[in-house]
Amino acid sequence: MTELKGTTIVGIRRGGKTAIAGDGQVTMGESVIMKSNAVKLRRLYGDKVVAGFAGSVADAFTLCEKFEQMLNKFSGNLMRSAVELAQLWRGDRALRQLQAMLIVADADAIFVVSGTGDVIEPENGICAIGSGGNYALAAARALADNTDLDARTIAEKAIKIASELCVFTNGNIVLEEV
């Protein structure tokens, strides 16, 4: 089966708000855009948590479902849920094969969760994942350091900049704020 990929997700905490934005492109292989308006963000736990995912689509959906189960199990505690997901992901033979990453956030925190067992809280409140993640991360950091823009605007502009550099990222932006 051909791998579906092509995503950029960026998360920013600034001014007491957290914004997560993602593009809409799904690419098959290296040359075919399968969809241009995919939604790669999910609101979870009564809309109090936002998760953005990058990687294999089916794998990302599976991880979002597992993360939501953890949120329910731990009464919405974001850090505990992220750590438990990472431990489960790393320790379970079937889950270890999943190829995806998550950015998860609530009103108080933001984390990157990976299949290698990493749960990373970005030191400057800015993180990004996916094929255009490094472009979006650089853009978001520059905007945060040199402007007074809010989290929402920085997230949107960062994805737009990444879409102009990464062939696996487009400008169809979906944005959620908590």
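Trainee: Is Arg-152 buried, exposed or partly exposed?

Mentor: Arg-152 is partly exposed, with a relative accessible area of 36%. Keep in mind that we're looking at a predicted model.

Trainee: Okay. Which residue does Arg-152 meet in a salt bridge?

Mentor: The partner is Glu-177, and the N to O distance is 3.7 Å. That salt bridge links distant parts of the chain, since Arg-152 sits in helix α4 and Glu-177 in strand β12, 25 residues apart. As for Glu-177, its relative accessibility is 27%, so it counts as partly exposed.

Trainee: How many salt bridges turn up in the whole structure?

Mentor: A search of the whole structure gives five. Side chains of opposite charge can pair when their charged atoms come close.

Trainee: What about Glu-176, which side chain does that one meet in a salt bridge?

Mentor: Glu-176 meets Arg-43, at 2.7 Å from N to O. This pair also joins distant parts of the chain: Glu-176 is in strand β12 (residues 174–177), Arg-43 is in strand β6, and their positions lie 133 residues apart in sequence.

Trainee: And how accessible are Glu-176 and Arg-43?

Mentor: Glu-176 comes out at 24% relative accessibility, so it counts as partly exposed. Arg-43 is at 29%, which means partly exposed for that residue too.

Trainee: Let's try a lysine. Which residue forms a salt bridge with Lys-40?

Mentor: That would be Asp-23, with the closest N and O atoms 3.3 Å apart. Lys-40 lies in the loop between β5 (32–35) and β6 (41–44), and Asp-23 in the loop between β3 (17–22) and β4 (26–28), so the pair ties together parts that are 17 residues apart in sequence.

Trainee: Buried or exposed, for Lys-40 and Asp-23?

Mentor: Lys-40 is buried, at a relative accessible area of 4%. Asp-23 is buried as well, with a value of 0%.

Trainee: What else touches Lys-40? I was eyeing Gly-52. Where is that glycine?

Mentor: Gly-52 is in strand β7 (residues 49–55), and it is buried, with a relative accessible area of 0%. Leaving out residues up to four places away in sequence, Gly-52 touches Ile-9, Lys-40, Leu-41, Met-101, Leu-102, Ile-103 and Ile-129.

Trainee: How far apart are Gly-52 and Gly-11 in space?

Mentor: They are 8.5 Å apart, C-alpha to C-alpha, with their positions 41 residues apart in sequence.

Trainee: Back to the loop with Lys-40. Which residues is Ala-38 in contact with?

Mentor: Ala-38 is also in the loop between β5 and β6. Setting aside neighbours within four places in sequence, Ala-38 contacts Asp-23, Gly-24, Val-26 and Val-174. Asp-23 is the salt-bridge partner of Lys-40 we just talked about. Ala-38 counts as buried, at 10% relative accessibility.

Trainee: How many residues apart in sequence are Ala-38 and Val-174?

Mentor: It's 136 residues in sequence, and 8.9 Å in space from C-alpha to C-alpha.

Trainee: New topic: helices. At what angle do α3 and α4 pack?

Mentor: Helix α3 (residues 133–146) and helix α4 (residues 151–163) pack at about 135°, and their axes are 8 Å apart. That makes α3 oblique to α4. The crossing is right-handed.

Trainee: Which residues make the contact?

Mentor: From α3, they are Tyr-135, Ala-136, Ala-139, Ala-140, Leu-143 and Ala-144, while α4 puts in Ile-154, Lys-157, Ala-158, Ile-161 and Ala-162. By type, that is ten nonpolar, no polar and one charged.

Trainee: I also want to check the backbone. What phi does Tyr-45 have?

Mentor: Tyr-45 has a positive phi of about 50°, although it is not a glycine. Tyr-45 lies in the loop between β6 and β7 and counts as partly exposed, at 25% relative accessibility. Asp-47 is found in the loop between β6 and β7 too, and its phi is positive at about 65°, again without being a glycine.

Trainee: Last one: where does Ser-75 sit, and is it buried or exposed?

Mentor: Ser-75 is in the loop between α1 (57–73) and α2 (78–91). At 58% relative accessibility, Ser-75 counts as exposed. From Ser-75 to Tyr-135 is 35 Å in space, C-alpha to C-alpha, and 60 residues in sequence.

Note on methods:
Residues numbered from 1 in each chain as written. Predicted model: local features only at pLDDT ≥ 70, side-chain atom pairs only at ≥ 80, totals over all residues. Heavy atoms only, no water. Axes fitted to C-alpha atoms, helices over the stretch in contact; angles between N-to-C directions. Helix = DSSP H or I, 4+ residues; strand = E, 2+ residues; numbered from the N terminus. Parallel < 35°, antiparallel > 145°, perpendicular 65-115°, else oblique. Left-handed = near helix turned anticlockwise from the far one by under 90°. Contact = heavy atoms within 4.5 Å. Nonpolar A, V, L, I, M, F, W, Y, C, P; charged D, E, K, R; others polar. Salt bridge = Lys/Arg side-chain N within 4 Å of Asp/Glu carboxyl O. Buried < 20%, exposed > 50% of the residue type's maximum accessible area, 1.4 Å probe, protein only.
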